[in-house]
Amino acid sequence: MAAISWKRLADASDGWAVILIVLMVELPLSFETPRLLVRAYRTGDSAWYWRVGQRNREHLARHEADNPIRTLASEDEAKALLESFSTAWQEGRAFFLGAFLKSTDSFVAQLYVGLHNPGVPEYSIGYFGDEAQGGRGYVTEMVTVGLTLCFEHLGAHRVRLECDDLNTRSLGVAERCGFVLEGRIRENHRHADGTLSGTLHYGLLRSEWAARRA
Ligand SMILES: CC(C)(COP(=O)(O)OP(=O)(O)OC[C@H]1O[C@@H](n2cnc3c(N)ncnc32)[C@H](O)[C@@H]1OP(=O)(O)O)[C@@H](O)C(=O)NCCC(=O)NCCS
């Protein structure tokens, strides 16, 4: 595990909140799986990252409506977004990585890992796949990297994942990766087309992750 130090401080808002201070984080910037290179973005990625957003705008409209990649207006905006990812990484708040085929270097998917509750510590995982690369198991393979990052490098006790209860492809990813369904909120989201859906809450504990790897 990377060297991470934690310090508890009184927080002005409630006096008890835990503020994570990452005194030193030596996270790897890239990971390999059988088919993928999963790596932190670089500002030099802005040109193709903008094009990924352009071509996936509709693909992401229902379940990633607020993802900023959908509304990038220019390569310069993509560069600014990638710079914000880099800042979040340095601060230990959130980690955005792209997954690329080792054979062709093509972009296949994006992984998000975010600090959700430092007191546990608990991280969130999110993702989307390039529409052209769907149905080949790349997102599932990439999410295993997210779990490795959380449990082996960030010291997570648990990892959470939320998904729309009608998003069968996303819940398939969660379940293939070993996440346990912990709850379902019914009809709490109204989509742009007026239809309603609920939210599935998944979690994976460190002990469950270790048991799957044993
Ligand atoms: C959700 C999303 C990421 C899932 O993408 P996906 O392509 O279904 O996921 P994977 O890359 O893991 O591929 C899994 C599919 O490939 C198949 N597959 C083929 N080879 C495989 C392999 N080696 N390993 C695993 N699965 C494989 C699986 O059977 C599965 O197909 P199925 O759903 O018909 O059973 C994608 O639909 C997406 O980007 N949606 C929009 C954004 C979104 O919903 N994000 C999630 C918000 S919570």
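1. Start with the outward side of α2. Asp76, Thr87 and Gln90 are exposed there. This is a predicted model, and the points below should be read as such.

2. The opposite side of α2 is set by Ala78, Leu81, Leu82 and Phe85, which are buried. Seen down the helix axis, the buried residues of α2 fall within an arc of 95 degrees, so they line one face of the helix. Among the elements covering them are α1 (46-55) and β3 (94-101).

3. The length of α2 holds up. The helix runs over residues 75-90, 16 residues in total. At 1.5 Å a residue it should span 22 Å, and its end C-alpha atoms are 23 Å apart, which agrees. After the helix comes Gly92, with a positive phi near 75 degrees.

4. Overall architecture. The protein has 5 helices and 8 strands. Along the sequence they follow the order β-β-α-α-β-β-β-α-β-α-β-β-α. Of the 214 residues, 27% are buried. Take the contacts between residues at least 6 apart in sequence: 58% of them join residues at least 24 apart.

5. The ligand. It is surrounded by 20 residues, and the closest are His63, Gly134, Gly137, Val139 and Thr140. Three elements give two or more residues to this shell: β5 (122-129), α3 (138-153) and α4 (168-176). Which of the elements gives the most to the shell? That is α4, with 4 residues.

6. Make-up of the shell. By class, the residues around the ligand are 10 polar, 7 nonpolar and 3 charged.

7. Ser170 deserves a look. This residue lies in helix α4, the element that gives the most to the ligand shell. Is Ser170 buried or exposed? Ser170 has 23 other C-beta atoms within 10 Å. The cut-off for burial is 20 or more, so Ser170 counts as buried.

8. Partners of Ser170. Leaving aside residues up to four places away in sequence, Ser170 touches His63 and Cys163. His63 is also one of the residues closest to the ligand. Tyr127 is 43 residues from Ser170 in sequence, yet their C-alpha atoms are 8.8 Å apart in space.

9. What to check by eye. On α2, compare the buried set, Ala78, Leu81, Leu82 and Phe85, with the exposed Asp76, Thr87 and Gln90 on the other side. Then turn to the ligand, and follow His63 to its contact with Ser170.

Definitions and conventions. Residues numbered from 1 in each chain as written. Predicted model: local features only at pLDDT ≥ 70, side-chain atom pairs only at ≥ 80, totals over all residues. Near = placed C-beta within 6 Å. Nonpolar A, V, L, I, M, F, W, Y, C, P; charged D, E, K, R; others polar. Expected span 1.5 Å × (residues − 1). Buried ≥ 20, exposed ≤ 12 C-beta atoms within 10 Å, placed from the backbone. Arc of directions from axis to C-beta. Contact = placed C-beta atoms within 7 Å.
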